[in-house]
Every structure is written in structure tokens, then in C-alpha cells.
Amino acid sequence: MNTDDTPARSIRTAAFSHLMDAYEQNYILLRQLFGDLRRLQTGDESPWNAAVQPKVTHSSRYTLDIQFTDHSILSKKQTPLRLKVRIYHDARTAELLETTQRNKCLKAAVSLCTEKQFQRNTLLKKWLSQQINTLLTG
């Protein structure tokens, strides 16, 4: 009887690899928007258009947290879209942070959680790309 879970492990590895790629792409897009990310400090604001207001909410040697408020995208409650992004300087990655607790994934649901993270970070990548296009055509 073969109890090896190689196919399941292979799927998890591929999903994780795609997620890491999304994190790297988001970092690159943020560098295009801000330049040197290490120069940003807590409290810095640098709106690049009237609708989007990025603000550095936390900075340290290894991480940088930025909250983006996009007034052009309103929720059902008529509040602007807020995105919280964490940048990891040493890994050169950036991820969209969840508003809920991050440690809710159980070991059995790791691939589902990875897929959801991938979807959220792909949306962040598209949103950042849109912001860059707006700046270039602006």
C-alpha cells in the first residue's frame, strides 16, 4: 500500500511557488511607484493622484506597512477601498494583508489558504499595475 502523498505535496508546492511569484511581482510594482522603499518612514504620505492616498503605517529594518486608500472605489457602505500591504525588504516581496487574523489556516486547509492568498495578491498586482498606468497616462 502506497501512503505517499506526492501528488498532494506537488500541488501545494506549485501553489506556494505561484504565491511567492505574486509577492515578488507586487514588490517590483511598488518599487516602480515609490522608488527606494527603504527611504520611506512611518507617517510618510505620497499621493500620486487625487483618488489614491498611500500612507506608511509602520516601518522597521525588515518590513514596511503601507495603507492605500482608494477613493475611486467605494464599498457598499460608501467607504473607500483600503488596502494594507506589508513589504519585506530582505526577501524583496510584498503581500496584501488580511483584515482578519492571519493564523486561522489549519494544516489540513493550507492549500486552500494559499490559493486565497494568491487570489488576493493577484488582485493587488492588478490594482498596482492600474495605478502605474494611471501615472504614466495621467
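**Figure 1. Overall view of the predicted chain and its surface.** Accessible areas here come from the Shrake-Rupley method with a 1.4 Å probe. On that basis the accessible surface of the chain in this predicted model comes to about 9,200 Å², and carbon and sulfur atoms hold 53% of that area. The secondary structure consists of two helices and four strands, and the elements follow one another from the N terminus in the order α-β-β-β-β-α. Of the 138 residues in the chain, 32% are buried. Among contacts in the chain with a separation of 6 or more, 44% are made by residues that stand 24 or more positions apart.

**Figure 2. Close-up of the salt bridge between Asp-65 and Arg-86.** The chain has two salt bridges by the distance rule applied here, and in the one shown in this panel the side chains of Asp-65 and Arg-86 meet with an N to O distance of 2.7 Å. Asp-65 belongs to strand S2, which covers residues 63-74, while Arg-86 belongs to strand S3, which covers residues 80-88, and the pair therefore links parts of the chain that are 21 residues apart. Asp-65 has a relative accessible area of 10% and is buried, because the cut-off for a buried residue is under 20%. Arg-86, at 23% relative accessibility, counts as partly exposed.

**Figure 3. Close-up of the salt bridge between Glu-98 and Arg-120.** Here Glu-98 pairs with Arg-120 in a salt bridge whose closest N and O atoms are 3.3 Å apart. Glu-98 is placed in the loop between strand S4 (93-96) and helix H2 (110-137), whereas Arg-120 is placed in helix H2 itself, so this salt bridge ties together parts that are 22 residues apart in sequence. Glu-98 is partly exposed, its relative accessible area being 29%, and Arg-120 is likewise partly exposed, with a value of 22%. As a general point, side chains of opposite charge can pair when their charged atoms come close.

**Figure 4. Close-up of a positively charged surface patch.** Four arginines, Arg-31, Arg-38, Arg-61 and Arg-92, gather on the surface in a patch of positive charge. One of them, Arg-31, is found in helix H1, which covers residues 6-34. Arg-31 has a relative accessible area of 39% and is partly exposed, a value that satisfies the requirement of over 30% for residues that make up a patch.

**Figure 5. Close-up of the surroundings of Asn-121 in helix H2.** Asn-121 lies in helix H2 and, at 1% relative accessibility, counts as buried. When residues up to four places away in sequence are not counted, Asn-121 touches Leu-19, Ala-22, Tyr-23 and Asn-26, and also Ala-94, Glu-95 and Leu-96. Of these contact partners, Tyr-23 is examined in the next panel.

**Figure 6. Close-up of the surroundings of Tyr-23 in helix H1.** Tyr-23 is found in helix H1 and, with a relative accessibility of 7%, counts as buried. Leaving aside neighbours within four places in sequence, Tyr-23 is in contact with Thr-93, Ala-94 and Glu-95, as well as with Gln-117 and Asn-121. The C-alpha atoms of Tyr-23 and Thr-122 are separated by 8.8 Å, although these two residues are 99 residues apart along the chain. Ala-94 and Glu-95 are in contact with Tyr-23, and Asn-121 touches both of these residues as well.

Key: Residues are numbered from 1 along each chain as its sequence is written. This is a predicted model: local features need pLDDT of at least 70, side-chain atom pairs count only at pLDDT 80 or more; totals for chains, interfaces and linings use all residues. Side-chain values use heavy atoms; hydrogens and water are left out. Buried means under 20% relative accessible area, exposed over 50%, partly exposed in between (1.4 Å probe, protein chains only). Patches are made of residues with over 30% relative accessible area and no salt bridge: like charges are joined within 9 Å, nonpolar side chains (Val, Leu, Ile, Met, Phe, Trp, Tyr) within 5 Å. Lys and Arg count as positive and Asp and Glu as negative; His and the chain ends are not counted. The place of a charge is taken as NZ of Lys, CZ of Arg, CG of Asp or CD of Glu. Contact means heavy atoms within 4.5 Å.
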